[in-house]
Amino acid sequence: MPRPLPDALLKVPHRREVPFARLTTLGVGGLCRWLFEPTTELEAQAFVRACVREGLPWRVLGGGSNLVVLGNLEAPVLRLALPKELRREGARLTAPASHGHIALAEAAATLGLSGLEFASGIPGSVGGAIRMNAGAYGREWIDVLVRYRFLTPEGDLVEKAPEPGEFRYRWSCLTGGRVVLSATADLAEGDPARIRAQVAEYREKRGTSQPLSKRNAGCIFKNPPGQSAGRLIDQAGLKGLRIGDAEVSLEHANFLVNHGRATAAEFAELMEVVRTRVLELHGVELEPEVEIWRE
Ligand SMILES: Cc1cc2nc3c(=O)[nH]c(=O)nc-3n(C[C@H](O)[C@H](O)[C@H](O)COP(=O)(O)OP(=O)(O)OC[C@H]3O[C@@H](n4cnc5c(N)ncnc54)[C@H](O)[C@@H]3O)c2cc1C
């Protein structure tokens, strides 16, 4: 029987029993028993401090575009709902973590600021993108990130510049209970028409190479050094492999798609089959790029 949550936590805006299918792009998972949606940094801090005081494990959710959740989750989940205001100082743009990632790239383009074109097709939130050091087309967040603001696992507020070793390929130090609150990108003034043309080119590329008409969680496995996970999976003949309504995409082998009624267990099984076959055939151990949450 889960224990009742303390009053200090319950003062933070929250909802109960929200299906993860609605909180993730893949559209599977059980129930999020407690979804906390602070609208200010202070409320987010109150959430973390209350969890720490009570010794409660908790999780941070962004746009759910890199996530597979297995079953229900009793642990409180934090999803920031900070006002979506952007701040511009010269060519620097600061966005709250809960700002849409694609919307940020679009806003930068509209302002004639170049540097976030790579982000224009990566869904989710700014917070999730910083945490994952999201990137595409040879660029990633650490190339433009000059400051970030976050809560420590104890709930202290810190703002700092990134340091060597804090960000690498699809990884950052912002794990283990750290909560990204905002990020500042150092961009370059450019011609809005040219920036838009670059965005359109990237979108076109994605549209022709990714299964964007079906629910998915982006690339499932990280690219092993010097190799392409998609190519390894394709060479193993796994495109189109289907378990229930979960399928290895025919368009891009490193995407698993939901044909409508897939379950999280089907995705977990499909990932395991893909991992095992690639290991047997190529001797390469694929590491998930998506996060898997289970109780
Ligand atoms: C169609 C599609 C295309 C994609 N293409 C790309 C791509 O080209 N490149 C790429 O890098 N990714 C890509 N992705 C994956 C995904 O969009 C990125 O990893 C994205 O940055 C995740 O952000 P999110 O807000 O959805 O994070 P979530 O999926 O909600 O969470 C991912 C991780 O970030 C943590 N997190 C979320 N918010 C915060 C926060 N505020 N503070 C601390 N931790 C936080 C979560 O705890 C979790 O560990 C794609 C996904 C899809 C569905």
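Good morning. I shall begin with one contact: the backbone nitrogen of Gly115 lies 2.6 Å from a polar atom of the side chain of Glu117. Please keep in mind throughout that this is a predicted model.

Where does Glu117 sit? Its place is the loop between strand E8, residues 113-114, and helix H5. Glu117 is buried, and yet Glu117 has no salt bridge. The nearest side chain of opposite charge belongs to Arg139, 6.4 Å away. Which residues does Glu117 touch, once those up to four places away in sequence are set aside? They are Ile195, Gln198, Val199 and Tyr202.

Let me now turn to the nonpolar interior. In soluble globular proteins, nonpolar side chains tend to be buried together. In this model, the largest nonpolar core has 46 residues, and the members that touch the most others are Phe47, Leu116, Ile130 and Trp141. Several elements give two or more residues to this core: strands E2 (31-36), E7 (92-96), E11 (145-151) and E15 (179-186), together with helices H3 (41-54), H4 (101-110) and H5 (126-132). The core also draws at least three residues from each of domain 1 and domain 2.

Apart from this core lies another, of 26 residues, including Ala246, Ala253, Phe267 and Met271.

Let us look at Trp141 in particular. Not counting residues up to four places away in sequence, Trp141 touches His101, Leu104, Leu116, Phe118, Ala129, Ile130, Asn133, Ala134 and Ala185. Leu116 and Ile130 in that list were also named with Trp141 among the residues that touch the most other core members.

Next, two residues in loops. His99 is placed in the loop between E7 and H4. Is His99 buried or exposed? His99 is buried, because its relative accessible area is 7%, and the cut-off for buried is under 20%. With residues up to four places away in sequence left out, His99 touches Lys84, Leu86, Leu104, Gly124, Ser125 and Val126. Leu104 is thus touched by His99 and by Trp141.

The second is Gly177, in the loop between strand E14 (171-172) and E15. Gly177 counts as partly exposed because its relative accessibility is 22%. Leaving aside neighbours within four places in sequence, Gly177 is in contact with Trp58, Leu151, Thr152 and Pro153. How far apart are the C-alpha atoms of Gly177 and Val60? They are separated by 7.7 Å, although the two residues are 117 residues apart along the chain.

I move on to the domains. The domain assignment of the protein chain gives domain 1 (9-78), domain 2 (87-194) and domain 3 (211-280). The C-alpha centres of domain 1 and domain 3 lie 27 Å apart. How many residues are in contact between domain 1 and domain 3? On the side of domain 1 there are 12, and these are in contact with 12 residues of domain 3.

My last topic is charge pairing. A search of the whole structure finds 23 salt bridges, and I shall discuss some of them.

Arg79 forms a salt bridge with Glu37, the closest N and O atoms being 2.8 Å apart. This pair links distant parts of the chain, 42 residues apart: Arg79 is in the loop between strand E5 (77-78) and strand E6 (87-89), while Glu37 is in the loop between E2 and H3. Arg79 counts as partly exposed, at 22% relative accessibility, whereas Glu37 counts as buried, at 14%.

A second pair is Arg149 and Glu159, whose side chains meet in a salt bridge with an N to O distance of 2.9 Å. This pair also links distant parts of the chain, with Arg149 in strand E11 and Glu159 in strand E12, residues 157-160, 10 residues apart. Arg149 is partly exposed, with a relative accessible area of 22%, and Glu159 is partly exposed, with 38%.

Finally, the side chains of Glu17 and Arg16 meet in a salt bridge at 3.4 Å, N to O. Glu17 is partly exposed, with a relative accessible area of 34%, and Arg16 counts as partly exposed at 41%. Which residues are linked with Glu17 and Arg16 in a network of salt bridges? They are Arg33 and Glu74.

Thank you for your attention.

Methods
Residues numbered from 1 in each chain as written. Predicted model: local features only at pLDDT ≥ 70, side-chain atom pairs only at ≥ 80, totals over all residues. Heavy atoms only, no water. Core = buried A, V, L, I, M, F, W, Y, C linked by side-chain atoms within 4.5 Å. Buried < 20%, exposed > 50% of the residue type's maximum accessible area, 1.4 Å probe, protein only. Helix = DSSP H or I, 4+ residues; strand = E, 2+ residues; numbered from the N terminus. Domains from an automatic or database assignment. Contact = heavy atoms within 4.5 Å. Lys, Arg positive; Asp, Glu negative; His and termini not counted. Salt bridge = Lys/Arg side-chain N within 4 Å of Asp/Glu carboxyl O. Polar contact = N/O pair within 3.5 Å; in protein donor to acceptor, adjacent residues only side chain to side chain.
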